[in-house]
Amino acid sequence: MFKEGDWALIRYREKKYLRKLMPKDSLSVRREVLKFSEVIGKPEGVRIGNFEVFRPTLEDTIVLGFERKTQIIYPKDAFYIAFKLGAGRSSKILEFGTGSGALCAVLSRLAGEVHTYEVVEEFHKLAQRNMRRFGLGENVKFYLGDFLEAQVEEGSFDAAFVDVREPVPYLDKLHTSLKNGAPVGFLLPTTNQVVDLLRGLEGRFGGVEVVEIMLRNYKTVPERFRPEDTMVGHTAYLVFARKLTP
Ligand code: SAM
């Protein structure tokens, strides 16, 4: 049942809205009005007029609810990253930079502990605000500062993810922070950055892979089932590697 103050994903045909269910509030779309007082007390998945109301998934929360002041890692990439990092209840994951906290929220859902570093105070605060607003990130330690200057215990992390423009200067410190054989991932928007990283990884990291994930959405009309006319052509390249024992 939906309660007052719950977050809800409201669908109106192809449109999606994330709203907090407060009894005096409502949502108007194309002259139809959904009064939230009519949703409170109803079961999840309720249909009222042309509105459908669901409990939001983590993907809905990040995509529709997180305030963004940096480029974020999209769900199509984020969940694959978590999978490649082997995120599980016993894993302690290192991340930098935190940015708006989108990847951090995914890692936090799947891992035991996440330690995330952000050098810009505004983003450091924003990520925490985004998480708290939706009751996420209890297992996240947020650090304000440059990862290069961070006090990190040697060999203390099970995995790491790096989302900064030029990751090569961080590779030594990253290598020392990780356990032997631990997976590490990087997100890079352009091919020249990938080439620089591949050169930087040589010798210290093995099992290198580079992937790009393409996601194509389909129109869901049974009589005219076909792909959407437009799609996101490129988000980023993902590079994965494993720490080689020195
Ligand atoms: N992955 C994040 C997300 O999904 O919301 C977005 C990260 S954003 C593209 C990159 C962030 O890295 C920026 O907020 C930037 O300030 C931060 N950054 C850059 N260099 C850093 C460093 N040396 N240490 C910590 N954070 C850094």
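**Helix 5, two domains and the spaces around them**

Just after helix 5 comes Gly135, with a positive phi of about 65°. That value, like every other one here, comes from a predicted model.

Helix 5 itself is a handy place to start. It covers residues 121-133, and at 1.5 Å a residue its 13 residues should span 18 Å; the C-alpha atoms at its two ends sit 18 Å apart, so expectation and model agree. Quite a few of its side chains are tucked away: Phe123, His124, Leu126, Ala127, Gln128, Asn130 and Met131 are buried. As for what they pack against, the list has two helices, helix 2 (58-65) and helix 4 (102-110), and two strands, strand 8 (113-118) and strand 9 (140-144).

Helix 2 is also home to Leu58. With a relative accessibility of 7%, under the 20% cut-off, Leu58 counts as buried. Leaving aside residues up to four places away in sequence, Leu58 touches Phe79, Ala105, Val106, Arg109 and Leu136. One of these partners, Arg109, is 51 residues away along the chain, yet the C-alpha atoms of Leu58 and Arg109 are separated by 8.6 Å.

Zooming out, the domain assignment splits the protein into domain 1 (7-56) and domain 2 (62-243). Taken over C-alpha atoms, the centres of domain 1 and domain 2 are 32 Å apart. Where the two domains meet, five residues of domain 1 are in contact with four residues of domain 2.

Then there are the open spaces. The largest pocket holds about 1,000 Å³. Its lining is made up of 27 residues, and Arg11, Lys16, Glu59, Asn217 and Glu228 are the ones nearest its centre. Strand 1 (7-12), helix 2, helix 3 (75-84) and strand 13 (218-219) are the elements that each give two or more residues to this lining. Helix 2 provides the largest share, with four residues. Sorted by class, the lining of the largest pocket has twelve charged, ten nonpolar and five polar residues. Both domain 1 and domain 2 give residues to that lining, so the largest pocket lies between them.

The second largest pocket comes in at about 740 Å³. It is lined by 34 residues, with Gln71, Gly97, Asp163, Val164 and Arg165 closest to its centre. Here the elements that give two or more residues are strand 7 (92-96), helix 4 and strand 8. Helix 4 and strand 8 have already turned up, as elements that the buried residues of helix 5 pack against. By class, the lining of the second largest pocket divides into 17 nonpolar, ten polar and seven charged residues.

Finally, there are the closed spaces. The count of cavities of 30 Å³ or more comes to one. The largest cavity has a volume of about 30 Å³. Around it sit Lys76, Glu212, Ile213, Met214, Val232, Gly233, His234, Thr235 and Ala236. Split by class, this lining has four nonpolar, three polar and two charged residues.

How values were computed: Residues numbered from 1 in each chain as written. Predicted model: local features only at pLDDT ≥ 70, side-chain atom pairs only at ≥ 80, totals over all residues. Heavy atoms only, no water. Expected span 1.5 Å × (residues − 1). Buried < 20%, exposed > 50% of the residue type's maximum accessible area, 1.4 Å probe, protein only. Contact = heavy atoms within 4.5 Å. 1 Å grid on protein atoms, 1.4 Å probe; cavity = no way out; pocket = protein on both sides within 12 Å on 5 of 7 lines; lining within 4 Å. Points joined across faces, edges and corners; volume = space filled by probe spheres on them. Nonpolar A, V, L, I, M, F, W, Y, C, P; charged D, E, K, R; others polar. Domains from an automatic or database assignment.
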